[in-house]
Structures are given as C-alpha cells and as structure tokens.
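Reader: Hi! I've got this one open on my screen and would love a quick tour. Could you walk me through it?

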Amino acid sequence: MKPDLREVEMVFNLFVPPVGGSYAMRKSRNVRDGYARGWGLQCGQMRESVREDALYQEACRLAMGRTVVSEDNRMNIFLILKYFLPYIPFGHIVEFGSYKGGNALFMAYVVDRLYPGRKVFALDTFAGMPPTESAIDAHGAGDFQDVDLGELREFAEREGVKNVEFIKGLFQETGPTVVDKVGSIVLAHIDCDIYSAVAFSYDLVKKFMVPGGYVVFDDATTSSCLGATEAVEELVIRRDGLHSEQIFPQFVFRSPGD
Ligand SMILES: C[S@@+](CC[C@H](N)C(=O)[O-])C[C@H]1O[C@@H](n2cnc3c(N)ncnc32)[C@H](O)[C@@H]1O
C-alpha cells in the first residue's frame, strides 16, 4: 500500500521550502526528495517527527545495542523505506556489512509492517573485517569480530522477524549467489567501510537495482572510511557519472536502471 500522499506532503512540506516547480528527476536523481530528507533531518524538524513515529520506535527496539549505524543515518533509511519505496518497482533489500545485525533487523521490521513480501538479505563475515589496504583503509583485519551469529539468529526468531536472512562469508564469495536469488533490489545498504568491499558490493548490485532504486553508502562521508569515499568517487561518480540525491546524513544515489 502506498502512503497517503497528503501525509507525505505534510511531513515534507512543513520542513522544506519549495524547490523549483517540478519534482522530476534531474541527472538521475530527484533533487527535491534529496532536499526533503537531507535538509529536513539536518536543519528542519524531521528528527523530532521521525522520533515520534510509532513504527520507527518499535523497529529501533530491535536495533538497540546491535548497530553502529548513527541515528541520522537510520532515520534517513526509515524515511526512504516508509515514504519512497512504494513509488519504485518491487524488489528486496540487501545489506553489505551487517555486524551485529541491528540495522538489518530494523529494516526488516519496517518493510514487513508496511509492505509485506519484501526481504532483507544481510551479508557479513560475522567474524570481522577481512584484510584491508593500509594505504587507504583505517580499519584493519579482525575489526568488528565481536559477533555471535547464533545468538543473532535466535533473537530474530524470538522477535518474530522472519523476513531477514543472515548470510555468513566474504561478499566476494557469497554475494553473487545472493543477488542472483534476490533478483530485484530496491535498496542496497553498503556499510562495509573499506575500499575493496565497498567497490565490490557496488559493482555487484548495479545490474540488479530496479530503476530509481536506492544505493545508500553508510560510511563514504565518514572521516574514518576514506576507502569507502574513494570507491564512491572512483566508481559511482567518476566512472558511472552519477550525481548524489543526498550527501547528508549519508551518500544516497538512485540507480538509473540500465
Ligand atoms: C561498520 S560494520 C557494519 C555495521 C552494521 N551495518 C550495523 O548495523 O552496525 C562493517 C562490517 O563490514 C564487514 N565486512 C567488510 N568487508 C567485508 C567483506 N569483504 N565480506 C564480508 N563482510 C565484510 C565487517 O565484517 C563489518 O562487520
């Protein structure tokens, strides 16, 4: 079911001055949508508005103590899922870099309540970072290894979150089979901090994204993840010529769908 457009207009128009007259795509992204979420969160009252949302609160409970995703980033994902997903073709969600699984559970809960039938595929070694490139990455092998995947799966089961699948292994080994199985992706959450993993994930999902699908980079604008930044600059911006829909609170690009 699509959200009531009056509600959407209310949420966004209250906090974002009108931007031009047209909401059409410009250079493969929707400028107004980018302003609405990014500017709304950074300078408007969007944070308060999202914090009061009952669904957001329920989903946050699952993520508590299980995620390092910042609140602004999680809120932005929530806005995309709740208000924008129904306006693009059907597909599933893939997360590259899930660590303790909190953000994957959060996304799974939200889409299950709003748009049942959508799944979240959460990929990670669940045993820490693989070897990294010390010339560009600040993170090193073994970072984020304090995960108990058995406990995480039990928690998801206990909480009744059935539309999430945790896939253990290197993206380079598990990823190709996963995206073949998924078929169509509406949102790729690329949250893996290091050059090799971000570059691999982006290249892997490209041809599975639905037109207008959201490619969200959690950490490419984070001071400790220049490897992620370099991958976005090199592949997304320079090679593929995409312009971002948001630079705050995280980089968001829309798939041109070709
Ligand atoms: C910042 S954490 C992810 C945070 C998570 N989204 C959350 O909700 O807290 C980055 C994760 O990427 C994973 N990672 C990085 N490169 C990987 C690769 N090539 N294959 C599998 N996992 C990888 C690490 O194991 C780590 O758990």
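Author: Happy to! One thing to know up front is that this is a predicted model. Let's start at a strand pair: Tyr214 stands opposite Arg254 in strand 6.

Reader: Nice. In which sense do strand 5 and strand 6 pair, and over how many bridges?

Author: They run antiparallel, with four bridges between strand 5 (residues 209-217) and strand 6.

Reader: And the faces of strand 6, covered or not covered?

Author: Both are covered. Phe251 and Phe253 are buried on one side, and Val252 and Arg254 are buried on the other.

Reader: Switching to the ligand: which residues come nearest?

Author: Thr67, Gly97, Asn103, Phe144 and Ala197, out of 23 residues around the ligand.

Reader: What's the mix of classes in that shell?

Author: Eleven are nonpolar, eight polar and four charged.

Reader: Which helices each supply at least two residues of the shell?

Author: Helix 6 (102-114) and helix 8 (171-182).

Reader: Let's stay with helix 6. At what angle does helix 4 pack with it?

Author: At about 145°, and the axes of helix 4 (residues 54-63) and helix 6 are 8 Å apart. Their crossing is right-handed.

Reader: Cool, and which residues meet there?

Author: From helix 4 you have Leu55, Glu58, Ala59, Cys60, Leu62 and Ala63. They meet Gly102, Asn103, Leu105, Phe106, Tyr109, Val110 and Arg113 in helix 6. By class, that contact has nine nonpolar, two polar and two charged residues.

Reader: Asn103 again! Where did that one come up?

Author: Around the ligand, where Asn103 is among the residues that come nearest. Asn103 is also one of the helix 6 residues that meet helix 4.

Note on methods:
Residues are numbered from 1 along each chain as its sequence is written. This is a predicted model: local features need pLDDT of at least 70, side-chain atom pairs count only at pLDDT 80 or more; totals for chains, interfaces and linings use all residues. A residue is near a molecule or strand if its C-beta atom, placed from the backbone, lies within 6 Å of it. Ala, Val, Leu, Ile, Met, Phe, Trp, Tyr, Cys and Pro count as nonpolar, Asp, Glu, Lys and Arg as charged, and the others, Gly among them, as polar. A residue is buried if 20 or more other C-beta atoms lie within 10 Å of its own, exposed if 12 or fewer, and partly exposed in between; C-beta atoms are placed from the backbone. Two strands pair if DSSP finds at least two bridges between them. Axes are lines fitted to C-alpha atoms, for helices over the stretch in contact, and angles run from 0 to 180 degrees between N-to-C directions. A crossing is left-handed if the near helix is turned anticlockwise from the far one by less than a right angle, and right-handed if clockwise. Two residues are in contact if their C-beta atoms, placed from the backbone, lie within 7 Å.
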